[in-house]
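Me: Please examine the structure shown here and discuss its strands and helices in turn.

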Amino acid sequence: YEHCSKAAFMLKGIVFQTVREEVRAAARAMDWLKSVAEAISTHNKPISWFSPIGLLVVQEYKETKTRRLNTTIGTVRIQHHIAQAGDKIDGHSQANAIAPNFVHSCDASHLMMTVNACITKGLSNFHMIHDSYGTHAANVGLLARTLREQFVTMYSGDVLQKFLNELGVFLPAEALEGIEKPPAQGDFDLNQVLNSRYFFA
């Protein structure tokens, strides 16, 4: 038990490396997103895009400065350290956060699309935690089918190209100069997801 944190840290590195080796296209997409965030950060601009359901997402991590606040209560002196956001974009945080934040915006959209589609089919009892879906046992089949249908609907276009196009709505042209095109999509037939046994539920 006393070595759990060391073991978890070691396992994190192994899992991360394995994902990069086994899911190469996802790794390329993450690297591309990171390069976009780094490039835009040099212009001190936030990154904004629309999630697949049309929700505006703004990622704006700023460099923080720490202020020390001294307080005296009776005879006891207490020091507080307060982090305050500055005016400059934190390029490192922007780059590290863009891939997970982009994926979260897609996952949240998938959840909402699935729930809305299920409601139109008469299913209205859900138990959701992030990207884990649940319902009553009698309705699992309907939920599973709807999950797959909405996933195919959402990812049928070029999601990364759409992201790049939307950056142009929010940023001046010079902030997008030098940004490479997104990685090319593969030839996987997304409709196969409809018959996938191990896709979510």
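**Strands and helices of the predicted model**

Me: How many residues of strand E3 are buried?
Reply: This is a predicted model in which local features need pLDDT of at least 70, side-chain atom pairs count only at pLDDT 80 or more, and totals for chains, interfaces and linings use all residues. Residues are numbered from 1 along each chain as its sequence is written, and side-chain values use heavy atoms, leaving out hydrogens and water. Strand E3 (residues 62–73; strands are DSSP runs of E, at least two residues, and helices runs of H or I, at least four, numbered from the N terminus) is hardly covered. With buried meaning under 20% relative accessible area (1.4 Å probe, protein chains only), the count among its 12 residues is 0.

Me: Which residue of E4 stands opposite Leu69?
Reply: E3 and strand E4 (residues 76–89) run antiparallel, joined by 11 bridges; strands pair if DSSP finds at least two bridges between them. The two form a hairpin with 2 residues between them, and Gly74 in the turn has a positive phi of about 65°. Opposite Leu69 stands His80.

Me: Are helices H2 and H5 roughly parallel or roughly antiparallel?
Reply: Helix H2 (residues 24–41) and helix H5 (residues 159–170) have axes 12 Å apart and pack at an angle of about 5°. Axes are lines fitted to C-alpha atoms over the stretch in contact, with angles from 0 to 180 degrees between N-to-C directions. Angles under 35 degrees count as roughly parallel and over 145 as roughly antiparallel. H2 and H5 are therefore roughly parallel.

Methods:
Buried means under 20% relative accessible area, exposed over 50%, partly exposed in between (1.4 Å probe, protein chains only). Angles under 35 degrees count as roughly parallel, over 145 as roughly antiparallel, 65 to 115 as roughly perpendicular and the rest as oblique.
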